Number of protein chains: 2
Amino acid sequence: MKSLSIKDIAVKAGVSITTVSFIINGKARDKSISEAVIKKVEKIIVESGYKPNQIARSLRTGNSNIIGLIVEDISNSFFSRIARLIEDKAYKKGYKIIYSSTENRIEKAKELINMFKSRKVDGYIISPIKGLEEDIQQLMADNKPVILFDRNLPDLDTNYVGADHFKATYHSIEHFIKQGKKKISLITIDIDVQQITERLAAYKKALTDYDIPYDEKLVLKVHFNQNENETMVQMAKLFQTEEIDAVLFATNYLAISGLKVLKQTGKKIGDDFSVIAYDDHEVFELHTPGISAVQQPLEEIAETVIQLILSQLSSKTKLDNEHIILPAKLIER
Amino acid sequence: MKSLSIKDIAVKAGVSITTVSFIINGKARDKSISEAVIKKVEKIIVESGYKPNQIARSLRTGNSNIIGLIVEDISNSFFSRIARLIEDKAYKKGYKIIYSSTENRIEKAKELINMFKSRKVDGYIISPIKGLEEDIQQLMADNKPVILFDRNLPDLDTNYVGADHFKATYHSIEHFIKQGKKKISLITIDIDVQQITERLAAYKKALTDYDIPYDEKLVLKVHFNQNENETMVQMAKLFQTEEIDAVLFATNYLAISGLKVLKQTGKKIGDDFSVIAYDDHEVFELHTPGISAVQQPLEEIAETVIQLILSQLSSKTKLDNEHIILPAKLIER
DNA sequence: TGAAAAAGGTAAAACGTTTTATGTATAATT
DNA sequence: AATTATACATAAAACGTTTTACCTTTTTCA
C-alpha cells in the first residue's frame with residue numbers, strides 16, 4: 001500500500017499542494033490562508049493519518065532534525081547512559097538521535113561520519129579519537145555544529161564538554177597518599193587522547209608533589225583494543241611482581257577486569273590494598289567491599305552537550321566555541 | 001561549501017549524469033559503458049571525494065539501507081549489548097542501525113515507529129510492548145520486514161526471536177527446590193508481555209509440580225515504570241515481613257535493586273537465602289558471593305535476528321514468519 | 001471613484017538521485 | 001548491400017517535499 005503524499009491531501013481537500021504545505025508547516029496564517037481552509041485541510045490530515053515524508057523534506061530543506069552521536073562503544077555503560085540522557089533531552093526538542101559505535105577504530109569512525117554526512121544530519125556529538133581531526137575540521141568548515149565530549153582533541157578548536165580529569169585524578173592519588181599509601185599503581189590504556197594522558201599526568205604530578213618517586217613499573221598501559229583475557233593476564237602479573245598498596249583504574253571496564261583478577265587470585269581489597277575506579281558503575285556500588293569511584297556528572301554532561309548543540313542549531317550566526325569542564329567527584333566507599 | 005553532486009562529476013568527466021549513476025551503482029558493465037569511461041569517472045569520483053546524497057537516493061528508490069531498532073532502554077546492559085552486536089553484524093552487510101528507547105511508553109513507541117516510517121527505514125527490529133500490535137500489523141501490511149525479539153506479542157503473527165523463558169524460569173525454581181528451599185519468592189514487573197507473564201507461569205508450575213503451595217504474598221509485582229527507590233522500599237518490606245529463603249528476580253535491574261536492598265539492610269546471601277537473577281550482568285559475576293543468573297544467549301539472539309531480517313530484506317517474495325526460541329542457561333555461582 | 005493594499009491562493013522550480021525509454025554509430029551477419 | 005545486433009551513451013521523468021514568484025479578487029482609504 002502506497003503511503004499518502006501531500007498531493008493526495010491536496011486533491012482530497014480541493015486545494016493546491018502549496019496550501020497544504022503551508023498549513024503543515026504552520027505558515028498558513030502568515031501566508032493568509034483562510035481559517036476555513038485551514039480547518040478543512042487539518043481535518044483531512046488527521047483523519048487520513050498523513051505523515052510527511054521526511055526524506056523528501058530533507059532533500060528539499062537540506063536538514064533532517066537528526067543529530068548524530070558517535071561514541072566509542074554503546075555497550076559501555078558510561079556511553080549508553082549518556083546516550084540515553086542525550087536522546088531523552090533531544091527528543092523533547094523535536095530532534096532525533098542516531099548513534100553508532102566506533103570501537104576505537106579510526107576507519108570505522110570516518111565511515112560513520114561519512115554516513116552521517118550523506119544522511120544530512122544537522123549536528124554531531126562525538127566522543128572522538130585521535131586521527132579524526134581532519135574529518136571534524138571538515139564538518140565545521142561545512143558549518144555543521146560539532147560538540148566533542150568526554151575526550152578532547154587539543155589540536156582542534158571545537159566545542160567541548162568534559163569532566164576535569166586532571167583534578168579528579170590528582171585528588172584520587174592524593175586520597176591514597178593521605179591514607180599512607182606508597183606504592184600506588186595506575187592502570188590505564190595506551191590511547192592517545194587528552195583525557196587519558198591527563199590522568200597519567202595528574203598521577204605523576206601528585207606523586208611528585210608528595211615526594212613519592214615515580215616508578216614506571218607501577219604503571220600499566222593496556223592496549224586499547226585487546227581482549228579482556230590478555231588484559232587480565234597483564235594485571236595479574238603486575239599484582240604479583242610488584243608490591244602495590246593502591247590502584248587507580250583509568251576506566252570503568254579496566255576496573256571491572258581488575259576486580260575479576262582480584263577475585264580469581266584471591267587478593268583482598270582492604271586496609272593494605274585500596275582501589276579507585278574511574279567512571280562509576282553499579283558493580284562498584286554493590287561490590288563487597290564497596291569500590292570508591294570517580295563519578296562524572298553524567299546528567300550535567302548530557303544537559304550541557306544538548307543545550308550547546310541546540311543553541312548552535314538555532315542560531316543563524318556562528319557562535320564561539322566553548323570549552324566546558326565540569327567537576328568530577330570521588331565517591332568514597 | 002556546497003557538497004558535490006552527481007552532476008558535478010558528470011560535468012567534470014564530460015559524460016551524462018546517467019552514465020555516472022550507472023558506474024556508481026555497479027551497473028556500468030551491464031549497461032555496456034566502455035572501460036575507458038568507467039576508469040575515468042571512477043578516478044574523478046575518488047579524487048574529488050564525492051559521496052552520493054543518501055537522502056536523494058532514498059527518495060528515489062524508496063529504501064534507505066537503514067534498519068530501525070526499538071528497545072525498551074538503551075542504557076540497560078541487556079539491550080545495549082544486543083544493540084552493539086546487532087549494529088556490528090548489520091554494519092558488515094552494509095546496513096546501518098538507528099536505535100531508540102521506548103521507556104516502556106506506548107506513545108513514545110508509536111512516535112518512534114512513525115519517525116522510522118517517515119525516514120523510510122527498510123526493516124524493523126523491535127522489543128515490543130503491549131498496545132503496539134496495530135502499529136506493527138500496519139508495518140507488516142506495508143510489506144516491511146519486522147522482527148520482534150526478547151518479548152513477543154501473542155496476538156500477532158510475526159517473526160520472533162527470544163529465549164525460552166518458561167523453561168529457564170522453571171529450571172531456576174526447580175534448582176531452588178532441590179536445594180531444599182520452601183519459601184521461594186518471585187520479584188517481577190507488572191508489564192503485560194508474554195515473556196514476563198511466562199516467568200510467573202513457570203514459577204507457579206514448578207511449585208505445583210513439587211507440591212509447594214503457591215503463596216501470593218511471596219510474589220512482588222513492581223510497577224514497570226516506577227523509580228528505583230520505591231521499588232527498593234517494596235522489596236525491603238517483602239524481605240522483612242515474609243520468611244523467604246530464595247528469590248528469583250525476573251529482570252537484571254530488579255536484581256540489582258534487590259542486591260542494594262540486601263546490602264543496606266545487612267541481609268546476607270548464603271545457605272539459608274539464595275538468589276537468582278534474570279539476565280546476566282557484570283555485577284552478578286563480581287558480587288560476593290557470586291550471584292547465579294539466567295543467561296540469555298545474546299550473541300545467538302543478535303545473530304539470529306540479523307540473519308532473519310537480512311534474508312527478508314533480500315528476498316523478493318514474502319517469507320514465512322519464524323518463531324525461534326533459543327535456550328537460556330542458568331549460570332550457577 | 002480610483003488606486004493601493006490586503007486577502008486568499010497557486011504554478012512551477014528546485015533538492016540529487018535512479019531508471020526507463022530511446023538514440024546513434026559501429027560491428028556482425030546474411 | 002541490406003539488415004540486425006551490439007556497444008555506448010543520454011534525455012527526461014519520477015520520488016515528495018518547500019518555497020519563490022506571481023495571480024486574482026476584495027477591501028481600504030485618500
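**Close-up views of a predicted two-chain model**

**Figure 1. Strand β2 of chain B in its enclosed setting.** In this predicted model, six of the six residues of strand β2 (residues 96-101) of chain B are buried, so the strand is largely enclosed by the rest of the structure. The burial extends to both faces of β2(B): B:Lys96, B:Ile98 and B:Ser100 lie on one side, B:Ile97, B:Tyr99 and B:Ser101 on the other, and all are buried. In a regular strand the side chains alternate between the two faces of the sheet. A parallel pairing over six bridges joins β2(B) to strand β1 (residues 66-71) of chain B. Within this pairing, B:Leu69 has B:Tyr99 of β2(B) as its bridge partner. Together with helix α5 (residues 77-92) of chain B, β1(B) and β2(B) form a right-handed β-α-β unit.

**Figure 2. Strand β3 of chain B and the strands paired with it.** Strand β3 (residues 123-126) of chain B is covered on both faces, with B:Gly123 and B:Ile125 buried on one side and B:Tyr124 and B:Ile126 buried on the other. β3(B) pairs with β1(B) in the parallel sense over four bridges, and B:Leu69 stands opposite B:Ile125 of β3(B). A parallel pairing over three bridges connects β3(B) with strand β4 (residues 146-149) of chain B. There, B:Leu148 of β4(B) is the bridge partner of B:Ile126. Between β3(B) and β4(B) the chain passes through helix α7 (residues 133-141) of chain B, in a β-α-β crossover that is right-handed.

**Figure 3. Surroundings of A:Ile97 in chain A.** A:Ile97 belongs to strand β2 (residues 96-101) of chain A. This residue counts as buried because 24 C-beta neighbours lie inside 10 Å, against a threshold of 20 or more. Not counting residues up to four places away in sequence, A:Ile97 touches A:Ile67, A:Leu69, A:Ile86, A:Glu87 and A:Ala90. A:Tyr124 is 27 residues from A:Ile97 along the chain, and the C-alpha atoms of these two residues are separated by 9.7 Å.

**Figure 4. Strand β7 of chain A, covered on one face.** The two faces of strand β7 (residues 219-222) of chain A are a covered one, bearing A:Leu220 and A:Val222, and an uncovered one, bearing A:Val219 and A:Lys221. β7(A) runs parallel to strand β6 (residues 184-189) of chain A, and four bridges join the two. In this pair of strands, A:Leu186 stands opposite A:Val219 of β7(A). The connection from β6(A) to β7(A) leads through helix α9 (residues 194-209) of chain A and is a right-handed β-α-β crossover.

**Figure 5. Helix α9 of chain B and its cover.** Helix α9 (residues 194-209) of chain B has 16 residues, which at 1.5 Å a residue should span 22 Å; the end C-alpha atoms are 21 Å apart, in agreement with this value. Buried positions in α9(B) are B:Ile196, B:Glu198, B:Arg199, B:Ala202, B:Tyr203, B:Ala206 and B:Leu207. An α-helix has 3.6 residues a turn, so residues three or four places apart point the same way. The cover over the buried residues of α9(B) includes α8 (165-178), β6 (184-189) and β8 (246-249) of chain B. After α9(B) comes B:Asp211, whose phi is positive, near 60°.

**Figure 6. The contact between chains A and B.** Chain B contributes 40 residues to the contact, and chain A contributes 40 residues. On the side of chain B that touches chain A, the elements giving two or more residues are α4 (54-61), α5, β2, α6 (106-118), α11 (252-265) and α12 (282-286) of chain B. Of these, α5(B) supplies the largest share, six residues. By type, the residues on this side of chain B comprise 15 nonpolar, 12 polar and 13 charged.

**Figure 7. The rotation axis relating the two copies.** A turn of 180° and a shift of 0.0 Å along the axis lay chain B on chain A with an RMSD of 0.0 Å. The two copies are therefore related as by a two-fold rotation axis. B:Val283 is the residue of chain B that comes closest to the rotation axis, at 2.3 Å (C-alpha). Both copies use the same surface, since 100% of the contact residues of chain B recur in chain A.

**Figure 8. B:Lys263 in helix α11 of chain B.** B:Lys263 is located in helix α11 of chain B. With 17 C-beta neighbours inside 10 Å, B:Lys263 counts as partly exposed. B:Lys263 and B:Ile44 lie 219 residues apart in sequence, and the distance between their C-alpha atoms is 66 Å.

Note on methods. Residues numbered from 1 in each chain as written. Chains lettered and ligands numbered in written order. Predicted model: local features only at pLDDT ≥ 70, side-chain atom pairs only at ≥ 80, totals over all residues. Buried ≥ 20, exposed ≤ 12 C-beta atoms within 10 Å, placed from the backbone. Pairing = 2+ DSSP bridges. Right-handed = clockwise from strand over helix to strand, strands pointing away. Contact = placed C-beta atoms within 7 Å. Nonpolar A, V, L, I, M, F, W, Y, C, P; charged D, E, K, R; others polar. Least-squares fit on C-alpha atoms with pLDDT ≥ 70 in both. Expected span 1.5 Å × (residues − 1).
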